[in-house]
Amino acid sequence: MSAVAVTVVCLVYAPIAMTELWPYARPGAPAVGEWLLGRSVSPEFVADAVRDRMGPYGRSLVPLIVHSVLGGLLMLLGPVQLLSAVRRRIRLHRIAGTVFAVTVYVSMAGAALYLLRTPPAEAFSGAAFWIVLATILVGTVGSVTFGVLAAVRGFPDLHQRWMLLCYGFLMTAPLLRLEWGALPWLYPGLSLQEINRVAIMHLGALVAFGALLASRALDRRAAVPGLTGTWAPGPVLVAAHLAGAAGLAWIAYAFLGQGAQGRRLLVAFLVPYVLTYAVVAARAARARGRGAPWAREEWRLHLAAQCLAPAFSAVTVPVLERTMGLDRLTSLIAGVGIGAGMLAYAAVAVVSLRVLHGREVLKRQREFADLPTHPAEAAPAGAGTTGERR
């Protein structure tokens with residue numbers, strides 16, 4: 001059902017992405033997304049959003065149109081990739097995968113040009129949104145690159161994880177549009193810029209969580225050859241929980257000091273965070289109960305990363321303040337907005353290293369097993385001892 005739901009979202013969003021920027025190039029041009037948003041919220045909400053975006057988008061309209069149109073194409077290629085992999089249509093999967101990777105690079109190049117040409121403070125929805133967009137861009141390009149390298153090196157399990165994470169980052173676009181339509185009903189009167197700030201509190205966490213669920217659903221191995229022990233033992237998890245609790249406390253204190261807006265943003269971050277934490281922790285415990293060491297290891301590594309995300313965000317906030325000259329609230333929104341996504345990316349990297357380490361251990365064990373166990377066996381064929389040569 002989840003694959004069907006993702007496919008439906010992608011198919012619906014593809015024409016929205018492809019036509020989204022037409023009105024900025026030619027006022028009055030039809031745009032599916034604007035039409036739907038105007039009827040689900042209000043025409044005034046859409047008009048204000050278009051007016052506020054006209055300036056930032058006007059400086060980089062061509063790269064943004066390339067990014068948007070190719071983004072719609074990626075929404076169509078994603079389900080093709082997933083279904084061809086599940087159904088083992090290898091040739092179709094490779095061809096579509098090549099097109100997918102090239103399209104990601106070109107689409108993200110368009111987004112990168114927009115970000116480079118737009119100072120963070122002048123970006124639509126402000127500097128915090130600019131920082132989150134830049135982080136998603138780097139995560140998307142990095143994950144597709146590691147996915148391609150894993151496929152070339154013959155690591156299909158790692159290829160699958162990185163590509164799912166890449167597609168998760170891409171899914172932030174349609175999910176953000178869904179929040180544009182839903183959140184005004186929950187928070188009437190908020191502008192699109194304010195809706196964006198609420199959405200980025202949890203979008204990175206949700207898409208990374210979705211990628212993890214998909215990875216675990218497709219990987220049914222109870223164990224992976226060469227993997228023994230754990231990289232997330234009890235003391236490590238305890239330390240991660242303590243650091244995470246300290247980070248959460250600091251984030252809550254900082255947001256509560258920002259009035260009604262801070263409380264709204266804290267709820268938007270905290271509720272999804274607690275729910276995803278509960279699911280990951282429960283899955284790790286369940287994997288242990290059913291004797292599935294590999295599933296337990298991957299869940300535990302992601303659990304440690306999720307615990308560390310608030311601590312990472314808390315440390316990032318003063319760094320953003322000092323390096324980019326941002327105010328406390330903007331730095332807080334940006335730090336929290338990128339924390340979960342960056343730590344999920346790090347968790348996938350650690351899982352990949354864990355698999356590679358296990359394969360290297362297995363390789364060395366096989367090499368050791370093939371070594372000769374008697375001195376005579378080490379002599380080259382036809383070679384005698386010193387006494388025999390005499």
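A pocket here is an open set of grid points with protein on both sides within 12 Å along at least five of seven lines, and its lining residues have an atom within 4 Å of a point. Keep that in mind for the exercises below, and remember that this is a predicted model.

**Exercise 1. Find which residues lie nearest the centre of the largest pocket, and which elements line it.**

Step 1: Start with the space. The largest pocket holds about 1,800 Å³.

Step 2: Go to the middle. Of the 50 lining residues, L82, A85, Q160, L164 and L218 lie nearest the centre.

Step 3: Now look for the elements that give two or more residues to this lining. They are helix 1 (2–19), helix 5 (61–86), helix 6 (90–117), helix 7 (126–152), helix 8 (156–170) and helix 11 (203–218).

Step 4: Sort the lining by class. You get 28 nonpolar, 14 polar and eight charged residues.

**Exercise 2. Do the same for the second largest pocket: what lines it?**

Step 1: The space comes to about 370 Å³.

Step 2: There are 19 lining residues, and I16, G33, L36, R177 and L178 sit closest to the centre.

Step 3: Two or more lining residues come from each of helix 1, helix 3 (32–40), helix 4 (43–58) and helix 9 (172–186).

Step 4: By class, the lining of this second largest pocket splits into twelve nonpolar, three polar and four charged residues.

**Exercise 3. Work out where the partners of the E122–R59 salt bridge sit in the chain, and whether each is buried or exposed.**

Step 1: Check the distance. The N to O separation between the side chains of E122 and R59 is 3.6 Å, and the cut-off for a salt bridge is 4 Å.

Step 2: Place the partners. E122 is in the loop between helix 6 and helix 7, while R59 is in the loop between helix 4 and helix 5; they're 63 residues apart, so the pair links distant parts of the chain.

Step 3: Turn to accessibility, where partly exposed covers the range between under 20% and over 50%. E122 has a relative accessible area of 44%, so it's partly exposed. R59 is at 39%, so it's partly exposed as well.

**Exercise 4. Trace the salt bridges of R221 and R161, and find the network they belong to.**

Step 1: Take R221. Its salt bridge is with D157, and the closest N and O atoms are 3.3 Å apart.

Step 2: Place that pair. R221 lies in the loop between helix 11 and helix 12 (234–256) and D157 in helix 8, 64 residues apart.

Step 3: Ask how accessible they are. R221 is partly exposed because its relative accessibility is 28%. D157 has 9%, so it counts as buried.

Step 4: Now take R161, which pairs with D219 at 2.6 Å between the closest N and O atoms. R161 is in helix 8 and D219 in the loop between helix 11 and helix 12, with their positions 58 residues apart. Both R161 and D219 are buried.

Step 5: Put it together. D157, R161, R216, D219, R221, E298 and R359 are linked in a network of salt bridges. The count for the structure comes to 14 salt bridges.

**Exercise 5. Describe the nonpolar cores and what M75 touches.**

Step 1: The largest nonpolar core has 76 residues, and M75, F100, V104, L170, M201 and F255 have the most contacts inside it.

Step 2: Leave out residues up to four places away in sequence, and M75 touches C10, Y13, A14, Y167, L170, M171 and P174.

Step 3: Another core lies apart from the largest one; it has 14 residues, including A232, L301, C307 and V355.

**Exercise 6. How many cavities of 30 Å³ or more are there, and what lines the largest and the second largest?**

Step 1: The search of the whole structure gives five.

Step 2: The largest cavity holds about 750 Å³. It has 40 lining residues, with H67, L133, T172, A173 and R177 closest to the centre. Its lining divides into 26 nonpolar, eleven polar and three charged residues.

Step 3: The second largest cavity holds about 190 Å³. Among its 14 lining residues, A205, A208, Q306, A340 and A344 are the closest to the centre. Helix 11, helix 13 (259–289), helix 14 (293–324) and helix 15 (328–370) each give two or more residues to this lining.

Step 4: Sort the lining of the second largest cavity: eleven nonpolar, three polar and no charged residues.

Definitions and conventions
Residues numbered from 1 in each chain as written. Predicted model: local features only at pLDDT ≥ 70, side-chain atom pairs only at ≥ 80, totals over all residues. Heavy atoms only, no water. 1 Å grid on protein atoms, 1.4 Å probe; cavity = no way out; pocket = protein on both sides within 12 Å on 5 of 7 lines; lining within 4 Å. Points joined across faces, edges and corners; volume = space filled by probe spheres on them. Helix = DSSP H or I, 4+ residues; strand = E, 2+ residues; numbered from the N terminus. Nonpolar A, V, L, I, M, F, W, Y, C, P; charged D, E, K, R; others polar. Buried < 20%, exposed > 50% of the residue type's maximum accessible area, 1.4 Å probe, protein only. Core = buried A, V, L, I, M, F, W, Y, C linked by side-chain atoms within 4.5 Å. Contact = heavy atoms within 4.5 Å.
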